[in-house]
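Me: Please take a close look at one part of this model, the ligand site and the helix that begins beside it in the numbering. Then go through the single residues that deserve a check of their own.

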Amino acid sequence: MERIPVAGPSITQREIDYVTEAVTSCWYGNANHFHDRFERAFADYIGTKYAVALPSCTSAIHLSLAALGVGPGDEVIVPDVTWIASAAPVEYVGASPVFADIDPDTWCLSPESLARNITERTRSVIIVDLYGNMPRMDELLAIARQHDLTVIEDAAEAFGSEYRGRKAGLFGDAAVFSFHGSKTMTTGEGGMFVTDRKDLYDRALILRDHGRVPGDVSFFNREVAFKYKMSSFQAAIGLAQVERAEELVARKREIFGWYSARLADLPNITLNPEPAHVRNSYWMSTIVLDPALGLTKERLVRELAARQIDSRPFFYPLSHIPAYRDRSEAKQAQAQNAVAYRVSPYGVNLPCGLSLTEAQVDRVCAEVRSILDSVAASPQKAA
Ligand SMILES: *Cc1c(COP(=O)(O)O)cnc(C)c1O
C-alpha cells in the first residue's frame, strides 16, 4: 500500500521553466531579475506596498523585530500554540517571549489573554494565523493600538486567507510568510517580509544586507547586521507559485471540503473553524478529538502511521516543550492557558499535500472512522 504523505507542493512546468531560466541566465547584472518580479507579484497579490524575499520565515520574523527596534528588556506576546519559529526570534534580538492563550473558536491568539498579559515592558505582539484560519483581528488590533504595541502578523500558514475581505498579511506593522516545502506556496525554503511602512521597509533592506544601504558597492557598512537573501532559483520558483496562487489556495480548500464531506457528521471531532468574515486557506486539514474519547493525538498519529498514513500532532503549547517549559514565564503560561492545554492534546493534522487525491482522502477518512470506532468499543485501550 502506498504511503500517504502529510504535506507536499504542486510543481508544474511553469516552476521548472522559470528555475531553468534563473540558473541559466540570472547572474551578473541580471542576478536580481526573479527577486524583483517575485517581490512585485507577491506584494500585488497580498495588497501591500513592499515585499522583501528572504531565506525563511524565521529570518523574516527576526528582521521584523529588529526593524521595529525590539530588544533587551522588552516583552513580546506570542500565542502559546504555534510553531516555535513564531517565538524563537524574540530571543535573537534579546527580548523575552510571553505566551498568551488561544481562542477556542479560532485556535488563534485570544484577545482576552492578550490584554491580560500586557505589562509595562510589553513592546510588541506576534499574531499567528494558525493553520490558515484568522484570529479575532479587529479586537486584537484595537488592544494593540490602545497599548501602543507594534504588531507582527505571522501569516506563514495563511497564504491566501482573508479576514473581512482583506488578505492575511495586511494586519500588522509588518507581516511574514513561509515558503517551506510544507507550506501552501513554496520555494523549497524561503520567506517574505511585507509592510506598508516605508520606514520599516528601508530599515529591513539595510539590516538584511550586513548594514549596507541598497546600491552601495563601496563596502562601507554602516552597522553590524544580518545577511538574509534568497537565491534567484528560489525566487524563480516563488514567482511561478504566486502566479498560481488562486489555484493553490482553491486546491487546499477543495481538500478540506473532501474531509469535511466525509467527517463532519462525526459527533466527537471538530474540523478547522472558518468563522464569519473569514476565508480559511486550510493550510492543514485538521481534526480535534473530543477529550471524552480518551484518544490522544500521539496515539492517533501512531495508529495512522501503522496504516501507511502520515499525519502530525497539533502544535504543543510552547510553554510545554523542553525548549521553554522550565522557565518562569512558561510556568505562568502552563497555569493560565486553559484553552491551549485543552485543544492541543487532541488535535491531528491529516494529509493535505497539494497532490493528494480524493481517493486518498477516502482512505484516510475510512481509517480515522475505524480507529474511532475501535476506541469507542474498548475505551480502556485508549491511553
Ligand atoms: C512554518 C512556520 C514558520 C517558519 O517558517 P520557516 O520558513 O521554516 O522559517 C513560522 N511561523 C509559523 C506559524 C509557521 O507555520
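Reply: What follows treats the ligand site, then helix α3, then a few single residues. The model is predicted, and every value below is computed from it.

The ligand site comes first. The ligand takes up the space of the largest pocket. Around the ligand stand 14 residues, and the closest are Thr58, Asp154, Glu157, Ser178 and Lys183. Sorted by class, this shell holds five nonpolar, six polar and three charged residues.

Three polar contacts can be described one by one. From Glu157, a polar side-chain atom comes to 2.4 Å from an oxygen atom of the ligand. Thr58 also places a polar side-chain atom by a ligand oxygen, at 2.5 Å. Cys57 takes part through its backbone: a polar backbone atom of this residue is 2.9 Å from an oxygen atom of the ligand. Of the 380 Å² of accessible area that the ligand has on its own, the protein covers 93%.

Cys57 and Thr58 lead to the next element, helix α3, which spans residues 57-67. How much of α3 is covered? Ten of the eleven residues in α3 are buried, which makes the helix mostly covered. The buried residues run from the start of the helix, with Cys57, Ser59, Ala60, Ile61 and His62 among them. Leu63, Ser64, Leu65, Ala66 and Ala67 are buried as well.

Both ends of α3 have a local feature. What caps the N-terminal end of α3? Ser56 does, with a side-chain oxygen 3.4 Å from the backbone nitrogen of Thr58. Thr58 therefore appears twice in this account: its backbone nitrogen is part of the cap, and its side chain has a polar atom 2.5 Å from a ligand oxygen. After α3 comes Gly69, with a positive phi near 80°.

Two residues other than glycine also have a positive phi. Tyr131 has a phi of about 55° and is not a glycine. This residue belongs to the loop between β4 (122-128) and α6 (137-146). Is Tyr131 buried or exposed? Its relative accessibility is 1%, under the 20% cut-off, so Tyr131 counts as buried. Phe219 has a positive phi as well, near 55°. The loop that holds Phe219 lies between α7 (198-207) and α8 (232-243). Phe219 counts as exposed because its relative accessibility is 65%, and exposed means over 50%.

The remaining residues are each given with their place, their accessibility and a partner from another part of the chain.

Ala85 sits in the loop between β2 (75-79) and α4. With a relative accessibility of 12%, Ala85 counts as buried. Ala85 and Ala156 are 71 residues apart in sequence, and their C-alpha atoms are 9.9 Å apart in space.

Helix α4 (residues 88-92) contains Glu91. Why is Glu91 called partly exposed? Its relative accessible area is 34%, and this value falls between the 20% limit for buried and the 50% limit for exposed, so Glu91 is partly exposed. The C-alpha atoms of Glu91 and Pro72 are separated by 8.7 Å, with their positions 19 residues apart along the chain counted as the sequence separation.

Ala144 is part of helix α6. It counts as buried, at 1% relative accessibility. From Ala144 to Ala115 the C-alpha distance is 8.5 Å, and the two are 29 residues apart in sequence.

Pro345 is in the loop between α12 (338-343) and β14 (347-349). At 26% relative accessibility, Pro345 counts as partly exposed. Pro345 and His320 are 25 residues apart along the chain, and their C-alpha atoms are separated by 11 Å.

Methods: Residues are numbered from 1 along each chain as its sequence is written. This is a predicted model: local features need pLDDT of at least 70, side-chain atom pairs count only at pLDDT 80 or more; totals for chains, interfaces and linings use all residues. Side-chain values use heavy atoms; hydrogens and water are left out. A residue is near a molecule or strand if one of its heavy atoms lies within 4 Å of it. A polar contact is a pair of N or O atoms within 3.5 Å; within protein, one must be able to donate a hydrogen and the other to accept it, and residues adjacent in sequence count only if both atoms are side-chain atoms. Accessible areas come from the Shrake-Rupley method with a 1.4 Å probe; for residues, only the protein chains shown count as cover. On a 1 Å grid over the protein atoms alone, a cavity is a set of points where a 1.4 Å probe fits but cannot get out, and a pocket is an open set with protein on both sides within 12 Å along at least five of seven lines; lining residues have an atom within 4 Å of a point. A molecule sits in a cavity or pocket if more than half of its atoms lie within 2 Å of its grid points. Ala, Val, Leu, Ile, Met, Phe, Trp, Tyr, Cys and Pro count as nonpolar, Asp, Glu, Lys and Arg as charged, and the others, Gly among them, as polar. Buried means under 20% relative accessible area, exposed over 50%, partly exposed in between (1.4 Å probe, protein chains only). Helices (H or I, at least four residues) and strands (E, at least two) are DSSP runs, numbered from the N terminus.
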